[in-house]
Amino acid sequence: MAGPRRALLVLLALGLVAALAFGAALGMGSVVTPSGAVWGALTGHGDPLATALIVELRLPRALAAFAVGGLLALAGVLMQVLLRNPLADPYVLGVSGGAAVGALASLALGLGVLATHGNAFLGALASTLLVFALAHARGGWTPTRLLLTGVVIAAGWAALIGFGLALAPDGRLRSMLFWLMGDLGYAEHPRATLAVLGLALAAALPFARELNVLARGAPEARALGVAVEPLTLAIYALASLATAVAVTQGGTIGFVGLVVPHLMRQWQGADHRILLPGAVLAGGALLTAADALARTVAAPLMLPVGVVTAALGVPLFLFLLNRTRSPV
Amino acid sequence: MSALLASRALTVVVGGKRVCAALDGEVRAGEFVAVLGPNGAGKTTLLHTLAGLRAPASGAVLLAGDDLDTLPRKRVAQRLGLMMQHHDDAFPATVLETALIGRHPHIGFWMWESADDVARARQALAAFDLAGFEDREVDTLSGGERRRLAAATVMVQDPQVFLLDEPTDGLDPRHAAQSLAAFRALADAGRAVVVALHDVNEASRVADRVLLLFGDGQTLLGPAAEVLEAGLLERLYGIPLAAIEHGGRRHFLAR
């Protein structure tokens, strides 16, 4: 039986995991720093070179990884309730496709980081509005309709992306491909991203119990006193915004938004009062650890973090899916 | 005593077909009303309209005198509970968690369920023979057990007016009788109960009054003893019926 006490215990445990992931991310990289030196750098008593490496390079990157992972997991939970489908992920409604078209066009034209970010964000929002408008056009606003519209729009974006890649100059293809696979090398505003994550979670949490009811279907939720339309709209907007910010900072990083909510549900059930903050912590921890690995395994080469999340996510997901009897 | 639920000149249309036309009806505290009609006559549509889930073509539904349209959904859910025919269990949940969902309209924005809420849920589960099922996953239940869980959930909601859509669907005879008896007891304790049924004999066993939906917009609402008679029911279902008196009750058999 879920209660506030268990929620606290679960969140404390996940907080500890996130802290460990953070420690690893600060210590790992092309040069492995021992934990004592990491602590020294953070408290300002360390060797100046190590301090510069950790505080100026690794810390912002770890913060960005945590924020993006948290945003993706949060968006995943919200999209899954919205579409009443545990297979939905933050990108299912074409958000990442729109962002990718914006970002890749900027990269192909050789525009700067700021323009790439701005256009990715605009692309994500444009895709969101397009899917919503098309799905809503005839009044019927069912999860299936929304899902189908999103999938079709995403296919359209994929075609545009292919077109862009075919036409792009060779020298820029590499950065475009990295962006498509998810790469935190572009994350420029870790603290702002973290603030967005905090605000998004704070906005979603008060509605956690209403989400529990909504998860049982819109008619049942309405019968139990939930104002379904405003709530769905708010979830849609929040999830899209969280995804847009995450994609803008990290490109299209797969699996976090799908795997993390799923694992949390298997572990603690589908009570959103635990699921929302739990998924944020777990998603943040997962991406922080994955990015640390991406920077380390092939050092001095950096892998796109999306490669690592998929490498971790695919076997983990299949293993857990086969271990449990329950279909979801 | 005034009506807990009333319809005023209520016309309900679904898919271009009339379910009822200018229906005036009332359900008072202590009453148990059965809604009968052939498949597709609009029993579910009518219940959903009475619950405010869909708008009527014209007319109004009054909940304890207030127009349903003007009340916030949460206030409605505190006073009116709907047990639906289908359940969408897209995500994992235990039986106890599912029953506790019924407390939602009574719990404040930021609050968790209290010990009292949990006690109510356990009591309701026991009333439908689901004691000991608390920690079972909902997707491991049989169809009949899932129906009983839905019945327990609406009981946990504790409204003044119960709208139940085929609560005995898929239940074995013992549990069907138990479910109807539980809701009959709630009516006797001063609640109002409206139940869509497909079994005439269940209606004859528990209902005070019966509403017939003929499927062409015609309706008939009256005391069970008057409405449940072979001629009317033959017209309702379009098959020949035999009425048998047994144990002070009328039973109907297809001839």
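Is the crossing of helix 5 of chain A and helix 6 of chain A left-handed or right-handed? I opened my notes with this, and I found that the crossing of these two helices is right-handed.

**Entry 1: the helix pair in chain A**

I kept in mind that this is a predicted model. I recalled that two packed helices are described by the angle between their axes and the distance between the axes. For helix 5 (residues 113-136) of chain A and helix 6 of chain A, I noted that the axes come within 9 Å and cross at roughly 135°. Because angles over 145 degrees count as roughly antiparallel and 65 to 115 as roughly perpendicular, I wrote down helix 5 of chain A and helix 6 of chain A as oblique to each other. I then looked up which residues meet, and on the side of helix 5 of chain A I listed Ser127(A), Leu130(A), Val131(A), Leu134(A) and Ala135(A). Their partners in helix 6 of chain A include Arg145(A), Leu146(A), Ile153(A) and Trp157(A).

**Entry 2: helix 7 of chain A**

I turned next to helix 7 (residues 170-181) of chain A, which has twelve residues and reaches 18 Å from its first C-alpha to its last, close to the 16 Å expected. Its buried residues are Met176(A), Phe178(A) and Trp179(A). Seen down the axis of helix 7 of chain A, these buried residues fall within an arc of 160°, so they line one face of the helix. On the other side of helix 7 of chain A, I found Asp170(A) and Arg174(A) exposed. I also checked what covers the buried residues of helix 7 of chain A, and the cover includes helix 4 (95-108) and helix 6 (143-167) of chain A. Just after helix 7 of chain A, I noted that Gly182(A) takes a positive phi of about 90°.

**Entry 3: where the chains touch**

I looked up the contact between the chains and found 25 residues of chain B in contact with 28 residues of chain A. On the side of chain B that touches chain A, helix 2 (73-79) and helix 3 (95-100) of chain B each supply at least two residues, and the largest share, four residues, comes from helix 2 of chain B.

**Entry 4: Arg209(B)**

I ended with Arg209(B), whose place is in strand 9 (residues 209-213) of chain B. Arg209(B) is buried, because 21 other C-beta atoms lie within 10 Å and the cut-off is 20 or more. Leaving aside residues up to four places away in sequence, Arg209(B) touches Glu31(B), Val33(B), Leu221(B), Gly222(B), Pro223(B) and Ala224(B). I also noted that the C-alpha atoms of Arg209(B) and Val27(B), 182 residues apart along the chain, are separated by 9.3 Å.

How values were computed: Residues numbered from 1 in each chain as written. Chains lettered and ligands numbered in written order. Predicted model: local features only at pLDDT ≥ 70, side-chain atom pairs only at ≥ 80, totals over all residues. Expected span 1.5 Å × (residues − 1). Buried ≥ 20, exposed ≤ 12 C-beta atoms within 10 Å, placed from the backbone. Arc of directions from axis to C-beta. Contact = placed C-beta atoms within 7 Å. Axes fitted to C-alpha atoms, helices over the stretch in contact; angles between N-to-C directions. Parallel < 35°, antiparallel > 145°, perpendicular 65-115°, else oblique. Left-handed = near helix turned anticlockwise from the far one by under 90°.
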